[in-house]
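Open your viewer and switch to a cartoon view. Keep the selection box ready.

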Amino acid sequence: MRLCSLLLLCLAATWSSTFVISHAHMWNKLILTHHWPNTFCRVEHCHSNLSYWTLHGLWPDKGMNCNSSWHFNASQIEDLLPDMKQSWPDLLHPSTTKFWKYEWYKHGTCAAEASSLDSQHKYFSKGLELYHKVDLHSILNKFGITPSETYYSISQIEGVIENFYGVKPKIQCAHSSKNVDVQLLGQIEICFDPDFTLLDCEKQFSTENASKVNWDNATAVDKASEFSVCDRDAPVYYPPDP
């Protein structure tokens with residue numbers, strides 16, 4: 001009887017410890033990141049004939065490469081591939097799954113801390129679902145933010161997004177090699193809470209490790225490291241289709 005009691009106590013302690021560890025790594029915010037293919041390919045020296053905003057990634061605000069043993073398997077998202085190729089394309093290697101593998105290892109394995117995203121199929125299908133619901137490209141077009149030779153201000157672009165969605169986005173730019181006084185519109189982030197409700201991207205969350213790691217900065221820029229938060233005082237060039 002005493003042995004059983006001790007075993008129960010040990011199991012209870014283990015479960016409690018597991019819960020605390022899991023909770024400590026749970027993210028607070030999901031970042032749905034779109035990029036403009038024309039700007040991306042100017043930065044990464046690739047070629048794209050896509051004329052709409054595509055999905056770059058679905059990034060939790062905490063953690064990277066959370067489970068290197070959880071291997072990417074394209075067969076698990078086979079039914080999603082037609083939409084993935086169109087909405088979440090690999091602009092650098094269009095005929096491969098390298099980009100999706102990278103996104104899964106770096107961000108998906110961390111997003112999987114939530115039961116709603118705890119498989120490759122759940123993670124990628126949720127990214128596609130949110131991308132289509134947000135429909136960023138259509139909204140920008142509807143309110144007059146279109147690719148053109150006319151420059152915009154960050155306030156103009158931000159205002160359209162904020163007025164329509166009711167939340168503040170995060171907008172990133174790349175520097176122009178031809179005109180140092182102009183920045184290229186590159187990425188737009190729309191954020192969600194763990195229940196997939198829209199959220200201000202500026203919202204900060206206090207965590208035990210906040211003083212050690214700034215997760216927002218860590219996840220803010222992915223492959224295209226030349227992207228950074230836009231200068232609010234500099235004109236923005238939204239480059240037309242190549």
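This tour goes through strands first, then a buried side chain, a loop and a helix pair. The model is predicted.

**Stop 1: strand β4**

Select residues 183-192, which form strand β4. Is this strand covered or not? β4 is mostly covered, with ten of its ten residues buried. Keep β4 highlighted while you call up its partners.

**Stop 2: the partners of β4**

Add residues 30-35. This is strand β1, and six bridges join β1 to β4. The two run antiparallel. To find one of the pairings, pick Leu30, whose bridge partner in β4 is Phe192.

Next, add residues 170-175, strand β3. β3 and β4 also pair in the antiparallel sense, over six bridges. Zoom in on Ala174, which stands opposite Leu184 in β4. Then find Gln172, which stands opposite Gln187 in β4. Remember that second pair.

Now select residues 236-237. This is strand β7, which pairs with β4 in the parallel sense over two bridges. Look for Gln183, which stands opposite Val236 in β7.

Last of this group, select residues 198-199, strand β5. Two bridges join β5 to β4, and these strands run antiparallel. Cys191 has Leu199 as its bridge partner in β5.

**Stop 3: the hairpin turn**

Stay with β4 and β5. How many residues lie between the strands of this hairpin? There are five. Click on Phe196 in this hairpin, where phi is positive, near 65 degrees.

**Stop 4: a further partner for β3**

Go back to β3 and add residues 228-229, strand β6. β3 and β6 pair in the antiparallel sense over two bridges. Pick Cys173 and you can trace its bridge to Ser228 in β6.

**Stop 5: Gln187**

Return to β4 and show the side chain of Gln187, which is found in that strand. Is Gln187 buried or exposed? Its relative accessibility is 1%, so Gln187 counts as buried; the cut-off for buried is under 20%.

Which side chains does Gln187 reach? Show His56: a polar contact of 2.5 Å joins its side chain to that of Gln187. Then show Gln172, the residue you met opposite Gln187. The side chains of Gln172 and Gln187 are joined by a polar contact of 2.5 Å.

**Stop 6: Ser148**

Move to the loop between α6 (136-142) and α7 (154-165), and select Ser148 there. Ser148 has 17% relative accessibility and therefore counts as buried. Follow its side chain to the backbone nitrogen of Thr150, which it reaches at 2.9 Å. Now look beyond the neighbours within four places in sequence. There, Ser148 is in contact with Tyr237, Tyr238 and Pro240.

**Stop 7: helices α4 and α5**

Finish with two helices. Select residues 98-111 for α4 and residues 120-134 for α5. Their axes come within 10 Å and cross at roughly 100 degrees. The pair is therefore roughly perpendicular.

Which residues of the two helices meet? From α4, show Trp100, Glu103, Trp104, His107, Gly108 and Ala111. From α5, show Gln120, Tyr123 and Phe124, which they meet. Color this contact by class: five residues are nonpolar, three are polar and one is charged.

Technical notes
Residues numbered from 1 in each chain as written. Predicted model: local features only at pLDDT ≥ 70, side-chain atom pairs only at ≥ 80, totals over all residues. Heavy atoms only, no water. Axes fitted to C-alpha atoms, helices over the stretch in contact; angles between N-to-C directions. Helix = DSSP H or I, 4+ residues; strand = E, 2+ residues; numbered from the N terminus. Parallel < 35°, antiparallel > 145°, perpendicular 65-115°, else oblique. Contact = heavy atoms within 4.5 Å. Nonpolar A, V, L, I, M, F, W, Y, C, P; charged D, E, K, R; others polar. Buried < 20%, exposed > 50% of the residue type's maximum accessible area, 1.4 Å probe, protein only. Polar contact = N/O pair within 3.5 Å; in protein donor to acceptor, adjacent residues only side chain to side chain. Pairing = 2+ DSSP bridges.
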